[in-house]
Amino acid sequence: MPQHRQIPWFGYDDIQGRWALVHGEGIAPHSHEQGQLLYAASGVLATTTAGGTWVSPANRISWTPPHFEHYHRAYGDTEISILEVPEALCAALPAQPSVFAVSGLLREAVLKLTGGSTLRPTVADRLLRVIVDELTELPEQSLHLPEPVDDRLRAVTDRLHADPAESATLEELGRAVGASERTLSRLFRTELGMSFNQWRTLLRVQHALVHLVHGHSVTEIAVRCGWSNPTSFIEAFTAIIGQTPGRYQADLRHQRDISTPPR
């Protein structure tokens, strides 16, 4: 992964609008008095908290509740629209960071509110309420990668973060960190809420999203991220993202044409 450069958060909440982050750039840890929605028109935006990382690929929208400390990282040149949600409207949305698919109505409403045009307060308020209502009807995307507390389990996940293509079994990883396979399997379930294989697959899909942004081929990504063949990669990616890697990459190109905010 690249060396990251952090830019500071400005310390206030009235920053509604559009930003552009270059690959590897991030926004330093911060929290908000209000809730925040970030729509990624291009690139991949990661939101990280003490509890793990939520990844928002292009044409998804990420949600961070008020008073929730987090930081952001961009992978690929990432165009984002930032929308503040008053605390009074936040109760209808999840109490933890989340990522949602984006409907056409939701995308257009977000772009209208963040496009720099002057809207009457009543119009802006109605649009924001439409966005919140729309989000309550949309499915969440399973792009949250939880992080452990137990030192032995963290040693395993740190090793996999460093090399998602690591092919060691849980038993082999356990010998390396001084824990039995049974203990690690239990810790994955109790601390992270999923099996070892599920966690590693999600990690690999998150890395695959970054490689797709950079235009790498499906075959190359399958090798880089540790799948035994392209078919296995396509099946795992489709199960989590809801479309094939090729379709996702084609949509990236399409979204750049129709939705990339003007600089």
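Select helix α2, residues 121-137, in this predicted model: the helix lies across β4, β7, β9 and β10, and its direction runs at about 105° to that of β9. With α2 still highlighted, add Leu128 and Val132, which belong, together with Leu89 and Leu93, to a separate nonpolar core of 23 residues.

Next, select the strands beneath the helix. They belong to an open sheet of five strands, in which the order is β2-β9-β4-β7-β10 and the pairing is antiparallel. At the edges stand β2 (17-21) and β10 (98-101), and because each has a single partner strand, one side of each is left without a neighbour in the sheet. Looking across the strands, one can follow a twist that averages 25° from one strand to the next. As background for reading such a display, strands of a sheet pair through backbone hydrogen bonds, in either a parallel or an antiparallel sense.

To examine one pairing in detail, show strand β7, residues 60-64, together with β10, since four bridges join these two in the antiparallel sense. Within this pair, Arg60 stands opposite Ala101 of β10. Now bring in helix α1, residues 104-114, which packs on the sheet and touches β2, β4 (35-40), β7, β9 (78-85) and β10; the direction of α1 makes about 80° with that of β9.

From β7, follow the chain into the loop that leads to β8 (70-75), and stop at His67, which lies in that loop. What is the sign of the phi angle at His67? The phi of His67 is positive, at about 60°, although the residue is not a glycine. Most residues other than glycine have a negative phi. In terms of cover, His67 counts as partly exposed, with a relative accessibility of 47%.

The next selection is the hairpin of β5 and β6, which has two residues between its strands. Strand β5 covers residues 44-49, and six bridges join it to β6 in an antiparallel arrangement. On its own, strand β6, residues 52-57, is mostly covered, since six of its six residues are buried. Showing the side chains and Gly52 as well, one sees that Gly52, Trp54 and Ser56 point one way from the strand, whereas Thr53, Val55 and Pro57 point the other way, with buried residues in both groups.

Thr53 is a useful residue on which to centre the view, as it has a partner in two strands: Thr48 stands opposite Thr53, and Leu145 is the bridge partner of Thr53 in β11. The strand that contributes Leu145, β11 (residues 144-146), pairs with β6 in the antiparallel sense over three bridges.

Then move along β6 to Ser56, which is found in this strand and is buried, with a relative accessible area of 1%. Which residues does Ser56 touch, if those up to four places away in sequence are not counted? They are Ala40, Gly43, Val44, Leu45, Ile61, Ser62 and Val99. A distance label drawn between the C-alpha atoms of Ser56 and Tyr39 should read 8.2 Å, for two residues that are 17 apart in sequence.

For the next stop, select Phe188, Trp199, Trp227, Phe233, Phe237 and Tyr248, which touch the most other members of the largest nonpolar core, a set of 43 residues. Helix α6, residues 196-213, gives the most to this core, with 10 residues. Centring on Phe188 and leaving aside its neighbours within four places in sequence, one finds contacts with Leu153, Val156, Thr157, Leu170, Gly193, Met194, Ser195, Phe196 and Trp199. In soluble globular proteins, nonpolar side chains tend to be buried together.

Two cysteines can be picked out next. Cys90 is buried, with a relative accessible area of 8%, and Cys225 is also buried, with a relative accessible area of 1%. A search of the whole structure finds zero disulfides.

Finally, clear the selections and show the whole protein, which has nine helices and 11 strands. Of its 263 residues, 54% count as buried, and the accessible surface comes to about 12200 Å², with 50% of that area belonging to carbon and sulfur atoms. Among contacts between residues at least 6 apart in sequence, 70% join residues at least 24 apart.

Note on methods. Residues are numbered from 1 along each chain as its sequence is written. Side-chain values use heavy atoms; hydrogens and water are left out. Two strands pair if DSSP finds at least two bridges between them. Axes are lines fitted to C-alpha atoms, for helices over the stretch in contact, and angles run from 0 to 180 degrees between N-to-C directions. Contact means heavy atoms within 4.5 Å. Buried means under 20% relative accessible area, exposed over 50%, partly exposed in between (1.4 Å probe, protein chains only). Accessible areas come from the Shrake-Rupley method with a 1.4 Å probe; for residues, only the protein chains shown count as cover. A nonpolar core is a set of buried Ala, Val, Leu, Ile, Met, Phe, Trp, Tyr and Cys residues joined through side-chain atoms within 4.5 Å. A disulfide is a pair of cysteine sulfur atoms within 2.5 Å.
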